[in-house]
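These are my notebook entries on one chain. The sequence and coordinates were opened first.

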Amino acid sequence: MSKPANTLNIYTDGASRGNPGDGAWAYIILDNEGELVAEQAGYIGHTTNNRAEYFAVIRSLQRAKELSPERVHVHSDSQLLVNQVSGNWKVKDEELRRLYSRIKSLEDNFSTVEFSHHPRENTHISKADALCNQCLDEIQQN
């Protein structure tokens, strides 16, 4: 069954070298035909891996909002993030609660937001991971 035409698939990753340490986020947005719509990565300074994962979702939803789809499907290799934003697990960390609230606020821009967990070996999540590492490599070289 194909996805409706107004659906975007978002693949995210966050990374922290040292955890906590230098952190980066990345996302890849594909249309329902699998064509690349947008990709971006960025450095966020000293952070944890979990916070970087959350930040990747926030930045991707901000970008998706500009593209005006009805529905988004966010794919992540972070079980913690997927289970927390799906309401299956409580968000205990104070900073993650703040980031969680930002995600929930951004969800209001779409008729449907789905989250699903995938292994890091997923082609698109691997690409997002590579974008994070490229960003961190560039920061460490400077």
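How many helices and strands does the secondary structure of the chain come to? I found 4 helices and 5 strands, taking DSSP runs numbered from the N terminus, with H or I over at least four residues for a helix and E over at least two for a strand. Along the sequence I read the pattern β-β-β-α-β-α-α-β-α. The radius of gyration is 14 Å, close to the 14 Å of the globule rule for 142 residues, so the chain is as compact as a globular protein of that length; the radius is taken over C-alpha atoms, and the rule is 2.2 Å times the number of residues to the power 0.38.

I noted that this is a predicted model, in which local features need pLDDT of at least 70 and side-chain atom pairs pLDDT 80 or more, while totals for chains, interfaces and linings use all residues. Residues are numbered from 1 along each chain as its sequence is written, and side-chain values use heavy atoms, without hydrogens and water.

Next I looked up burial. Buried residues (under 20% relative accessible area, 1.4 Å probe, protein chains only) account for 45% of the 142 residues.

I then turned to the aromatic rings. Rings of Phe, Tyr and Trp (its six-membered ring) pair if their centres lie within 6.5 Å, and planes under 30 degrees apart count as stacked. I counted 2 aromatic pairs. Trp 25 and Tyr 27 form a stacked pair, 5.9 Å centre to centre with 15° between the planes. Both Trp 25 and Tyr 27 are buried. Ring pairs join Trp 25, Tyr 27 and Phe 55 in a cluster.

Note on methods. Buried means under 20% relative accessible area, exposed over 50%, partly exposed in between (1.4 Å probe, protein chains only). Rings of Phe, Tyr and Trp (its six-membered ring) pair if their centres lie within 6.5 Å; planes under 30 degrees apart count as stacked, over 60 as edge-to-face and the rest as tilted.
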